[in-house]
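Subject: A structure for you to look at

Hi,

Here is the structure I promised to pass on. Please open it next to this email, and then read on for what turned up.

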Amino acid sequence: FVSPSAWQFFHPELDVRTALLAIAREFRAANGAEFSLIVDVTRNLGPVSAMRTVELASSLMEEGVVGIGLGGDEVRFPGEPFRNVFQAARERGLHTVAHAGEADGPQSVRAAVDVLGAERIGHGIRALEDPLLVAMLAEREVPLEVCPTSNFLTGAARRDQPHPVFELIRAGVPVVVDADDPAIFRTSITSEYRYVAQHGGIETLERCLETAIRASFADDAKKQALDAALRER
């Protein structure tokens, strides 16, 4: 995930297109690195700014940009006004994801799925407050990108209780384990995997990894290769 609209908000003089090209160039220069970029559209900056970001993202698809993701303050800036932004992104061939159900309640998750048509939901743990929504996520196989350490540190989940990720998995919701922003939360994907394995068992982690492969925006050949590598471990 990269956030050119946030960069430009704090640094108006920044050429965000050049910055994105530089990021892609550095990834390509890393030995053996494979990457895709999802460009963040920030709730706080409104739909007009978001539409500009969609245009930027769609112009950089050959550089590894595959989608947009809705971030920012979900309590003060609900998702519904971004309906046309998400539709425009899909029309340009971009995938769409949205952060929801972390700071705000299950209605935020429902809007991200039903109004925006998001293919994956970042966090989403407060869906548990609405059993019908949980059942819908399981039935439609909408993946949640769950970040345990981040949730504990922001107060979205309580440290003195098992993380909601395990209840979501038991309910049949597809769950991917993520690390949120490693620099801010002082974590890594390895640490997040370790937490899930220690508290839910290695089988639970393997289930999340299988979900991660299916939910990724990789092509079918890459998904098959990743799945085979996982099964050969």
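Two residues are said to be in contact when heavy atoms of theirs lie within 4.5 Å. With that in mind, take the contacts in this protein between residues at least 6 apart in sequence: 64% of them join residues at least 24 apart. Please remember as you read that this is a predicted model.

**The overall picture**

The protein has 12 helices and six strands. Along its principal axes, the C-alpha trace spans about 45 × 40 × 30 Å. A compact globule of 233 residues would have a radius of gyration near 17 Å, and the protein agrees with this because its own value is 17 Å. Buried residues make up 45% of the 233.

On the outside, about 12100 Å² is exposed, and carbon and sulfur atoms supply 52% of that area. As for charges, there are 24 positive and 34 negative ones, and the mean positions of these two groups are 1 Å apart.

**The cysteines**

How many disulfides does the structure hold? The count is zero. In general, a disulfide is a covalent bond between the sulfur atoms of two cysteines. Here a pair counts as a disulfide if the two sulfur atoms are within 2.5 Å.

Now try cysteine 147. Its closest cysteine sulfur belongs to cysteine 208 and is 12 Å away, so the gap is too far for a bond. Starting from cysteine 208 leads back to cysteine 147, again at 12 Å and therefore too far. Is each of them buried or exposed? Cysteine 147 is buried, with a relative accessible area of 5%, and cysteine 208 also counts as buried, at 4%. The cut-off to know here is that buried means under 20%.

**Two helices to find**

Helix H5 covers residues 106-114, and its buried residues are Pro106, Ser108, Val109, Ala111, Ala112 and Val113. What covers them includes strand S3 (95-100), strand S4 (120-123) and helix H6 (131-140).

Helix H11 (residues 202-215) is where you will find leucine 209. Not counting residues up to four places away in sequence, leucine 209 touches Tyr193 and Leu230. Glutamate 139 is 70 residues from leucine 209 along the chain, and their C-alpha atoms are separated by 19 Å.

**A serine in a loop**

Serine 36 sits in the loop between helix H2 (16-29) and strand S1 (37-42). With 48% relative accessibility, serine 36 counts as partly exposed. Leaving aside neighbours within four places in sequence, serine 36 is in contact with Gly64 and Val66. Try picking out phenylalanine 1 as well: serine 36 is 35 residues from it in sequence, and the C-alpha atoms of the two are 8.7 Å apart in space.

**Two residues with positive phi**

Which strand holds histidine 123? Histidine 123 lies in strand S4, and has a positive phi of about 75 degrees although it is not a glycine. At 1% relative accessibility, histidine 123 counts as buried.

Aspartate 180 is also a residue other than glycine with a positive phi, near 55 degrees. The place to look for aspartate 180 is the loop between strand S6 (175-177) and helix H9 (182-185). Aspartate 180 is partly exposed, with a relative accessible area of 31%.

Enjoy exploring, and write back with any questions!

Best wishes

Notes: Residues numbered from 1 in each chain as written. Predicted model: local features only at pLDDT ≥ 70, side-chain atom pairs only at ≥ 80, totals over all residues. Heavy atoms only, no water. Helix = DSSP H or I, 4+ residues; strand = E, 2+ residues; numbered from the N terminus. Rg over C-alpha atoms; globule rule 2.2 N^0.38 Å. Buried < 20%, exposed > 50% of the residue type's maximum accessible area, 1.4 Å probe, protein only. Areas by Shrake-Rupley, 256 points an atom, 1.4 Å probe, with all protein chains shown as cover. Lys, Arg positive; Asp, Glu negative; His and termini not counted. Charge placed at Lys NZ, Arg CZ, Asp CG, Glu CD.
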